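Biologist: Please take me through one part of this model in close detail. I would like the ligand site, and then whatever else stands out in the backbone and the rings.

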Amino acid sequence: MNKKIDWEILSRTALTIRRDIIKMLGIAGSGHPGGSLSCTDILTLLYFHFLRHDPKNPKWADRDRLIFSKGHGCPALYAALARSGYFDPKMLLTLRQLGSPLQGHPDMRRLAGIEASTGSLGQGLSFGIGCALAARFDKKDYKTYVIISDGELNEGQIWEAAAFAPYHKLSNLITILDYNKFQLSGATKDILDMEPVTEKWRAFGWETKEIDGHDLPQIHDALGWANQAVGRPRIIIAHTVKGKGVSFMENNNHFHGVANTKDETARALKELGENDAEIQRILGMIP
Ligand SMILES: Cc1ncc(C[n+]2csc(CCOP(=O)(O)OP(=O)(O)O)c2C)c(N)n1
């Protein structure tokens, strides 16, 4: 991947996506802020640098596939899609409204750019394996990227998929673990600790790399590394912070599945550097 990279533009894009997440959730009054904010930087690198895609031709047969397995974090995915040109960013503010294509979990039948309807946790890696096998059978060189979460590691289906991919030498499958250490009802280590996580994936036959999942150059280098796989799939274990970017949301699992209130929306947008007029406009849309 030799594309020139403008770190300033990328970090501003990540900031825009974080603001979008806060606005969407504040207006919707429900949703999952924490797990959306933890995968924002990863999605930014993918949609704005790595993915071979054409937002104006979302069904292009040679496009890379992005399977967002942790479907509840979809506000981040919707914002990345909108900001990369799949639809008008104004539509983001319809999140979770009746009739909106932007439902609480992504629906591939209703929104162009969504590759898989997800939300039932643990299934995305298997879906991604299907895409990677299809590429092989069709003699196509597209890559399949799958974003999974640490809560999903508690699902048996993940480990069935983890065994399958190296056995079938799926080097065109790239998995990224958004390892924010929390799930719905608390810290993953207190519910079903999967450590040592990296060693488990290695034992299943994967090549692994651990990174800081908010450091854009590290994400960039890891995705570049994962793209060079030969004979075996690669997984990036991205250490992330749930709620990243908003001080009172970081590592605060209250914000797993509870949206920011009107007051919290104002505080979060201020922290994210949003201008006062825009903050007032958004607050005017929250009862
Ligand atoms: C199969 C399944 N069981 C339970 C749920 C309910 N649920 C929604 S989010 C969540 C916790 C997810 O934790 P994690 O995937 O680590 O998410 P993150 O911390 O990244 O938001 C659960 C259990 C679900 N969506 N799917």
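Modeller: What follows is a walk through the ligand site, then an aromatic pair, then two backbone details. Keep in mind that the model is predicted.

Start with the pocket. The ligand takes up the space of the largest pocket. Around the ligand stand 16 residues. The closest are His72, Gly119, Ser149, Phe182 and Lys242. Sorted by class, the shell comprises 9 polar, 4 charged and 3 nonpolar residues.

Now the polar contacts. Two of the closest residues return here. Ser149 has a side-chain N or O atom 2.5 Å from an oxygen atom of the ligand. Lys242 also offers a side-chain N or O atom, at 2.7 Å from a ligand oxygen. Leu121 contributes through its backbone: a polar atom there is 3.1 Å from a nitrogen atom of the ligand. How much of the ligand does the protein bury? Taken alone, the ligand exposes 590 Å², and the protein buries 77% of that.

Next, the rings. The structure contains 4 aromatic pairs. One of them is formed by Trp159 and Phe204. Their ring centres are 5.1 Å apart. Why is this pair called tilted? The planes meet at 50°, which falls between the cut-offs of 30 and 60 degrees, so the pair counts as tilted. Trp159 belongs to helix 6, residues 156-167. Phe204 sits in the loop between helix 8 (197-203) and strand 6 (207-212). The pair therefore ties together parts that are 45 residues apart in sequence.

Last, the backbone. Most peptide bonds are trans, and most residues other than glycine have a negative phi. Two places depart from that pattern. Glu195 and Pro196 are joined by a cis peptide bond, with omega at about 0°. Pro196 lies in the loop between helix 7 (188-192) and helix 8. Arg96 is not a glycine, yet its phi is positive, at about 65°. Arg96 is found in the loop between helix 4 (74-83) and helix 5 (124-137).

Definitions and conventions
Residues are numbered from 1 along each chain as its sequence is written. This is a predicted model: local features need pLDDT of at least 70, side-chain atom pairs count only at pLDDT 80 or more; totals for chains, interfaces and linings use all residues. Side-chain values use heavy atoms; hydrogens and water are left out. A residue is near a molecule or strand if one of its heavy atoms lies within 4 Å of it. A polar contact is a pair of N or O atoms within 3.5 Å; within protein, one must be able to donate a hydrogen and the other to accept it, and residues adjacent in sequence count only if both atoms are side-chain atoms. Accessible areas come from the Shrake-Rupley method with a 1.4 Å probe; for residues, only the protein chains shown count as cover. On a 1 Å grid over the protein atoms alone, a cavity is a set of points where a 1.4 Å probe fits but cannot get out, and a pocket is an open set with protein on both sides within 12 Å along at least five of seven lines; lining residues have an atom within 4 Å of a point. A molecule sits in a cavity or pocket if more than half of its atoms lie within 2 Å of its grid points. Ala, Val, Leu, Ile, Met, Phe, Trp, Tyr, Cys and Pro count as nonpolar, Asp, Glu, Lys and Arg as charged, and the others, Gly among them, as polar. Rings of Phe, Tyr and Trp (its six-membered ring) pair if their centres lie within 6.5 Å; planes under 30 degrees apart count as stacked, over 60 as edge-to-face and the rest as tilted. Helices (H or I, at least four residues) and strands (E, at least two) are DSSP runs, numbered from the N terminus.
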